[in-house]
Amino acid sequence: MCGIIGITSNENVSADIIGALRKLEYRGYDSAGIAIHESNKIFQRKVKGKLDNLVKSLELEKSEGKTGIGHTRWATHGKPSERNAHPHSSPYVSLVHNGIIENVSDLKNLAELEEYSFESETDSEVITALLSHYRKEGYAHIDCVKETISKLVGSYALAIIFSDQKESIFGAKNGSPLVAGINNSGTSLGSDSIALSSVAEKVCYLEDGDIVVCNKNILEIFNIAGEKVEREFVDIGFDETDISKGNFQHFMEKEIHEHPQAVGETFKQFIDHDKGLITVSDFELDFTSFSRIHLIACGTAYYSCLVAKYYFEEYARIPVDCDMASEYRYRNPVLDKNALCIFVSQSGETADTKAALDYSKSLGIKTLSIVNVKNSSIARESDLCMYTKAGAEIGVASTKAFTAQLSVLLSMAIHLGTINKTLSENQNKEICHEIMKAPTLLEEAIKRSYSLKETAQSIINAKGVMYLGRGTSFPLALEGALKFKEISYIHAEGYPAGEMKHGPLALIEKDLPVVCIVPPGELFHKTVSNIQEVIARGGKILMITDDDTLQSGSENIWQVFRLPKSPKSIETIIYSVPIHMLAYYTAVELGNDVDQPRNLAKSVTVE
Ligand code: M6R
């Protein structure tokens, strides 16, 4: 989604703004722009498309200014174009905005804005119009910001420069994330702390209602009532290597290779090495008081919830409901006061998940979040938070965050089962032992998955791909299909293998690739029968199984991909690797933009 940046410094800021915008590229965007204070004017450049276009236009005419703002835009109101790109400027002010203003038409009808001539189709320009009106009326700069935001309905993170205030950037936040940064040479604003990693040493996660004024040597924050407030600044906690591709061609490739580390580090938080047990007792939750668990998330994080339903019900015998966050609060769910609502999110900023969290809190339900980005909005706003330790995930397609989410959810289910006595301490110990093998098994799964490059080459011309599985392999099939379609742009569908004959079998035609996730166990033979039904109709099966399953059952199968034998408890985590690799190799083979697939954003901050 849109990324905003503002930097004021002792040095020229143009290169720093571009550098920070590069770090926001991962969020997804379709145009970009910059506005910088110069001695007698505001220098502005806007382009459609990638940042390289902006860099090229800056090569033609450099800016020497020391205070400026920048933007990467992901279109909501108005198509991607230079005209709709931010900053939106008037003779009084230049502004960048992330979020959505919902009362644009009401605002445009205000008498105050009668004379303003709108140039773009965006919702954001109405903010420029309001700020300009108040400045023209002689309001002090900060009062222009206060008056303007008091009129806005919707979400916003803003960075604003006024033409006649050369050394300050004003920021304001409601609903969309905004981080303020400081270092020795100046102060900054950004949509996340990654963006500020080369211009700030310490950062502060601003709260809704905050207005911030950034000057070279001082950064002041005011609350909604206009009172000055002190907020905590913390070490930025990112090092450049966390957010570079290293020796990999793409972030997604690097992040798939980080599955072992992400899972190992995440599980580590819950392993009591002295007792050899999994325990999440460090978290002040009386798990025995919950009658039901609601798991709520979007996209890949939602699929981790679907897998976790099997974990909680199997190990802890506690009923679980899973909801897509975008549906949850609109279906008037029946919630028990003794329920626990768990929100899962890599970014911790997904607007639908955050709105679902707010809704649950408003009903007085206990909330817990499982989040990867430290200090993100969802992490801060939930009653309790557990972190996945996946490290920065930059590729739009989520990979290592998924297996890290499964690691937290599995640990919780084992812990809860032990408390509920649906799992004995010995069983807990056994699973704890199995969990410790996960990083090594994941390493091996990665090595074996290199062979899927060839498989990918033979499916790039497919009209579509089906993914099938039973048990926890069903949500993994959904995850496989999502990953495949989002970066290959080929239609893919995940389905429970046993349901095929109730409709989707009609889709099977000669040579349609069908990826079947078939670990050993009680569902193996049933799934193999479903495979044969697909083969009988011409489907081309890629069977993902392990070293231990029988060779029989693999007759007429196009390809069998074998993983190392893995314990049942961590099977879905290990099987995620070939699923992610196949999507990756296919997208690379097709020459697609793997890390920033078309139309998508990493952090979806609008509902
Ligand atoms: O940051 P979140 O985990 O809340 O994001 C949720 C989804 O937007 C995300 O998983 C999305 O579906 C990914 N692009 C899938 O690869």
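## Rings, charges and a covered strand

Reader: Let's start with phenylalanine 170: is this residue buried or exposed?
Author: At a relative accessibility of 3%, phenylalanine 170 falls under the 20% cut-off for the first of those words; over 50% would be exposed, and partly exposed is the range in between (1.4 Å probe, protein chains only). A heads-up: this is a predicted model, so local features need pLDDT of at least 70 and side-chain atom pairs pLDDT 80 or more, while totals for chains, interfaces and linings use all residues. Residues are numbered from 1 along each chain as its sequence is written, and side-chain values use heavy atoms, with hydrogens and water left out. So phenylalanine 170 counts as buried.

Reader: How many aromatic pairs turn up in the whole structure?
Author: The rings looked at are those of Phe, Tyr and Trp (its six-membered ring), and two of them pair if their centres lie within 6.5 Å. Searching the whole structure for aromatic pairs gives a count of seven.

Reader: What kind of pair do phenylalanine 162 and phenylalanine 170 make?
Author: Planes under 30 degrees apart count as stacked, over 60 as edge-to-face and the rest as tilted. Phenylalanine 162 is buried, at 0% relative accessibility. Its ring centre is 5.3 Å from that of phenylalanine 170 and the planes are at 85°, so the pair is edge-to-face.

Reader: And what about the rings of tyrosine 302 and tyrosine 303: what kind of pair are they?
Author: Tyrosine 302 and tyrosine 303 are both buried. Their ring centres are 5.8 Å apart with the planes at 50°, so this pair is tilted.

Reader: Which residue has its charged end over the ring of tyrosine 489?
Author: A charge sits over a ring if NZ of Lys or CZ of Arg is within 6 Å of the ring centre and within 35 degrees of the ring normal. Over the ring of tyrosine 489, at 3.9 Å from its centre, is the charged end of arginine 598.

Reader: How many salt bridges are there?
Author: The rule wants a side-chain nitrogen of Lys or Arg within 4 Å of a carboxyl oxygen of Asp or Glu. One case is a network linking Arg22, Glu25 and Asp52. By that rule, the number of salt bridges is 32.

Reader: Where do lysine 146 and aspartate 143 lie?
Author: These two form a salt bridge, with their closest N and O atoms 3.5 Å apart. Helices (H or I, at least four residues) and strands (E, at least two) are DSSP runs, numbered from the N terminus. The two residues are three apart, about one turn, and both lie in helix 5.

Reader: How many residues apart in sequence are the parts tied together by aspartate 208 and lysine 173?
Author: The salt bridge between aspartate 208 and lysine 173 has its closest N and O atoms 2.8 Å apart. Aspartate 208 is in the loop between strand 11 and strand 12, whereas lysine 173 is in strand 8, so the pair ties together parts whose separation in residues is 35.

Reader: How many of the residues of strand 10 are buried?
Author: Strand 10 spans residues 186-190 and is mostly covered. One side has Gly186, Ser188 and Gly190, the other Thr187 and Leu189, and these are all buried. Out of its five residues, the buried count is five.

Reader: Which strand forms a hairpin with strand 10?
Author: Two strands pair if DSSP finds at least two bridges between them. Strand 1 runs antiparallel to strand 10, joined by five bridges, with glycine 6 opposite leucine 189. The hairpin partner, with two residues between it and strand 10, is strand 9.
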